[in-house]
Amino acid sequence: MTVLRLYPAPQQKIPLKGLYLSLSLHRQAESGEVFIYANFIASLDGRISLLDAHGEQGVPASLANKRDWRLYQELAAQSDIMLTSARYFRQLARGNAQDLLPVGREADYADLAAWRLNEGLTVQPDVAILSRSLDIPQAALEKVQDRRVLVLTGADAPQSQVDRLTQQGLAVLRSEAQELDGPAIRRLLAGEGYRSAYMIAGPEVHRTLLDGGLDMLFLTQRHRLLGGDDFRSIMQGNLARPVDMQLRSLYLDEQACLDERGGQSFASYAVLPQG
Ligand SMILES: NC(=O)c1ccc[n+]([C@@H]2O[C@H](COP(=O)([O-])OP(=O)(O)OC[C@H]3O[C@@H](n4cnc5c(N)ncnc54)[C@H](OP(=O)(O)O)[C@@H]3O)[C@@H](O)[C@H]2O)c1
């Protein structure tokens, strides 16, 4: 299974397996810092999720596919910790979300579990949950009992909820400011010794990180338009100023073009510091 590298030149066929694993994202952080990266799959008309049959937002089956999932897993394999949202945990507790957090549990990804151990990483990445409400159901937390779970929140998060989560064995970390922002997330994660963090949440957590808390964006574009008015895109809300990104790599998934009409492209971007 190969993809065609379009950028940087020269064009070249490259195996899909190992494409992102070769990036060594777990070794990119400067001393005492954390390297934070995000990943999305979107349709050509910018949908990352649509309203599903349960009336919940979810990644539509017409968007998700196994080749992109391989890359999702390779990115997860390189992380010390995965950043997600309390909203995702609430969906998980209702049984309406895909279990995204384990790395390499299926046979196809067993190589990634072995790779982590070889690289001196833990069996599974830890989990950080971003939340203002601290409404994180116990039922969903049981799915990540094998890992350290952090909750990242703002300075004035309700103390009763902090106590409840702490009693359940979670570490609740507050930012100094009322609202958690990108630099605070960096400080909190680096303070805990994490060197690589993989953001798998949606548009709101992405917007939070884009304010000084993101180093790299991976974006799969499925060459398909989905339509639908009730959708999420990769970023929603206001940015203080535009965020510039520099293309690092672009691959055409030719195999997908043959097997599934249209195909997809895999892009990665470095987030440029604010000018
Ligand atoms: N196609 C893709 O690649 C892709 C990738 C990721 C997600 N998705 C889809 O996108 C949809 C939305 O995902 P999501 O709900 O995880 O995304 P989200 O919109 O990023 O998460 C929102 C929640 O995160 C917490 N949050 C966000 N910013 C925060 C901040 N600055 N401080 C503290 N808490 C903060 C809040 O939790 P509280 O409400 O508890 O305060 C908020 O409700 C889902 O349908 C998901 O399936 C698609």
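## Reading a predicted fold

Modeller: Leu134 is buried, with a relative accessible area of 0%, where buried means under 20% relative accessible area, exposed means over 50% and partly exposed lies in between, with a 1.4 Å probe and protein chains only. This is a predicted model, in which local features need pLDDT of at least 70 and side-chain atom pairs count only at pLDDT 80 or more, while totals for chains, interfaces and linings use all residues. Residues are numbered from 1 along each chain as its sequence is written, and side-chain values use heavy atoms, with hydrogens and water left out.

Colleague: What is the phi of Leu134, and where in the chain does this residue lie?

Modeller: As a general rule, most residues other than glycine have a negative phi, and most peptide bonds are trans. Leu134, although not a glycine, has a positive phi of about 60°, and this residue lies in the loop between E7 and helix H4 (138-141); helices (H or I, at least four residues) and strands (E, at least two) are DSSP runs, numbered from the N terminus. Ser24, in the loop between E2 and E3, also has a positive phi, near 50°, but Ser24 is partly exposed, with a relative accessible area of 25%.

Colleague: Which peptide bonds are cis?

Modeller: The bond from Tyr7 to Pro8 is cis, with omega near 0°, and a cis bond with omega of about 0° also joins Ala9 and Pro10. Pro8 lies in the loop between strand E1 (2-7) and strand E2 (12-15), and Pro10 likewise lies in the loop between E1 and E2.

Colleague: How should I read the pairing of strands, and which way do E3 and E10 run?

Modeller: In general, strands of a sheet pair through backbone hydrogen bonds, either parallel or antiparallel. Here two strands are said to pair if DSSP finds at least two bridges between them. Strand E3 (residues 35-43) runs parallel to E10 and is joined to that strand by 4 bridges, with Phe35 bridged to Ser196. Strand E6 (residues 81-85) also pairs with E10 in the parallel sense, over 3 bridges, and Ile81 has Ala197 as its bridge partner there. In strand E10 (residues 196-199), Ser196 and Tyr198 point one way and Ala197 and Met199 the other, and all are buried.

Colleague: Where are the edges of the sheet formed by E5, E4 and E12?

Modeller: That open sheet has 3 strands in the order E5-E4-E12, with antiparallel pairing. E5 and strand E12 (231-232) stand at its edges, each with a single partner strand, so one side of each is left without a neighbour in the sheet. Between strand E4 (residues 49-51) and E12 there are 2 antiparallel bridges, and Leu50 stands opposite Phe231.

Colleague: How is the ligand held by polar contacts, and which backbone atoms take part in them?

Modeller: A polar contact is a pair of N or O atoms within 3.5 Å; within protein, one must be able to donate a hydrogen and the other to accept it, and residues adjacent in sequence count only if both atoms are side-chain atoms. A backbone N or O atom of Gly58 lies 3.4 Å from an oxygen atom of the ligand, a polar backbone atom of Leu180 is 3.3 Å from a ligand nitrogen, and a backbone N or O atom of Gly202 is 3.0 Å from a ligand oxygen. The protein covers 91% of the 920 Å² of accessible area that the ligand has on its own, as computed by the Shrake-Rupley method with a 1.4 Å probe; for residues, only the protein chains shown count as cover. E3, strand E5 (57-58), helix H2 (86-93) and helix H7 (203-210) are the elements that give two or more residues to the shell around the ligand.

Colleague: Which residues come nearest to the ligand, and which element gives the most to the shell?

Modeller: Of the 24 residues around the ligand, Ser85, Ser131, Arg132, Ser133 and Val205 come nearest, a residue being near if one of its heavy atoms lies within 4 Å of the molecule or strand concerned. H7 gives the most, with 4 residues. In H7, 6 of the 8 residues are buried, so this helix is largely enclosed by the rest of the structure; among the buried ones are Val205 and His206.
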